[in-house]
Each structure stands twice: as structure tokens, then as C-alpha cells.
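Got your viewer open? Let's take a walk through this one, stop by stop, selecting as we go.

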Amino acid sequence: MSAYKYNDLIKLTTQYAHRMNYLSNRIFGEVARATNSKSMKVVKMYSEEPVEKRDYVINWYPRHVETHILMKNLRLYGLFRDEHEDFKEEMKRMRKLRGKAPPKKGEGKRSKK
């Protein structure tokens, strides 16, 4: 049956045409029975992709955590120079040389009693 004949059948007001139109709408995910505009708005809202899964929402902020871990690993391999981390390590080393570093585990004040 050609599409032209099918369109003519749907336009008819027979019970068969109504039933076929209803079944067609059910099969293809359309609204089966005619509804008002308020209900159609709800149908449209639920047929859209959820806001949480949209690309512009997912990629709104840069991936700071992953970038930090990557830079940390690159620094360990010697491929990236993080001057702030170098400074912090140097300060820790200088405190240890001056005797200001925290004691190692088991060498604190309470262990000497």
C-alpha cells in the first residue's frame, strides 16, 4: 500500500481509521489520544533529553581534578616544573635542616617518658 493511500485512510472518520491512527501513534511514540496544550507541554518536556545529560551542562566547568593529577604525574616524571611545589619542598627541607620539622612517628615527646 502506498503512502498516499495510507494518508487517505487516516483522514477518514471510520472506526478502522481511528484505531489504526491510535495504534500508529502508540508504536512510534507519539501521543495516542488528542490532548490539550498543557498536556502536550508535559509530553514535550519528558521527550527531551534531561538537562543533566546535555553536553553544555556536563562540560560547563574545566576538569580541574584530572588536570591536577596529570600535572602531578608529569612533575614526578620530570616533564613539568611546578615552581610552587618546588618552593614548598624547599621550605620543608630548610625547616628540617634547622630542626623545626615535626618528629618522625614514635620519636615525639610522649615516647620519651
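Domain bounds here come from an automatic or database domain assignment. Keep in mind that you're looking at a predicted model.

**Stop 1: the two domains.** Colour residues 1-35 as domain 1 and 49-102 as domain 2, following the domain assignment of the chain. Taken over C-alpha atoms, the centres of domain 1 and domain 2 are separated by 61 Å.

**Stop 2: helix α2.** Now select residues 15-27, which make up helix α2. Try a quick check: at 1.5 Å a residue, these 13 residues should span 18 Å, and the end C-alpha atoms are indeed 18 Å apart, so the two agree. Next, pick out A17, S24 and N25, which are buried in α2. They sit on the same side of α2, because they cover an arc of only 95° around the axis. Turn to the other side of α2 and you'll meet Q15, R26 and I27, which are exposed. Go just past the end of α2 to find G29, which takes a positive phi of about 75°.

**Stop 3: a nonpolar patch.** Show the surface of Y16, M20, L23, I27 and F28: together they make a nonpolar surface patch of about 540 Å². Click on L23, which belongs to helix α2. With a relative accessible area of 32%, L23 is partly exposed.

**Stop 4: a loop.** Head for E52, in the loop between α3 (37-47) and α4 (55-58). Is E52 buried or exposed? Its relative accessibility is 62%, so E52 counts as exposed. Draw a distance from the C-alpha atom of E52 to that of L76: these residues are 24 apart along the chain, and the atoms are separated by 36 Å.

**Stop 5: salt bridges.** The count for this model comes to eight salt bridges. Start with E48 and K44, whose side chains meet in one of them at 3.9 Å, N to O. K44 counts as exposed at 53% relative accessibility, while E48, at 40%, is partly exposed.

Then select R75 and E89, a salt bridge with its closest N and O atoms 3.3 Å apart. R75 lies in helix α5 (residues 64-77) and E89 in helix α6 (residues 83-98), so this pair ties together parts that are 14 residues apart in sequence.

Stay in helix α6 for E85 and K88, which are three residues apart and so separated by about one helical turn. The closest N and O atoms of their salt bridge are 3.1 Å apart. E85 is partly exposed at 26% relative accessibility, and K88 is partly exposed at 40%. To finish, select R75, R81, D86 and E89 together: salt bridges that share partners join them into one network.

Note on methods:
Residues are numbered from 1 along each chain as its sequence is written. This is a predicted model: local features need pLDDT of at least 70, side-chain atom pairs count only at pLDDT 80 or more; totals for chains, interfaces and linings use all residues. Side-chain values use heavy atoms; hydrogens and water are left out. Helices (H or I, at least four residues) and strands (E, at least two) are DSSP runs, numbered from the N terminus. The expected span of a helix is 1.5 Å times one less than its number of residues. Buried means under 20% relative accessible area, exposed over 50%, partly exposed in between (1.4 Å probe, protein chains only). The arc is that of the directions from the helix axis to the C-beta atoms. Patches are made of residues with over 30% relative accessible area and no salt bridge: like charges are joined within 9 Å, nonpolar side chains (Val, Leu, Ile, Met, Phe, Trp, Tyr) within 5 Å. Accessible areas come from the Shrake-Rupley method with a 1.4 Å probe; for residues, only the protein chains shown count as cover. A salt bridge is a side-chain nitrogen of Lys or Arg within 4 Å of a carboxyl oxygen of Asp or Glu.
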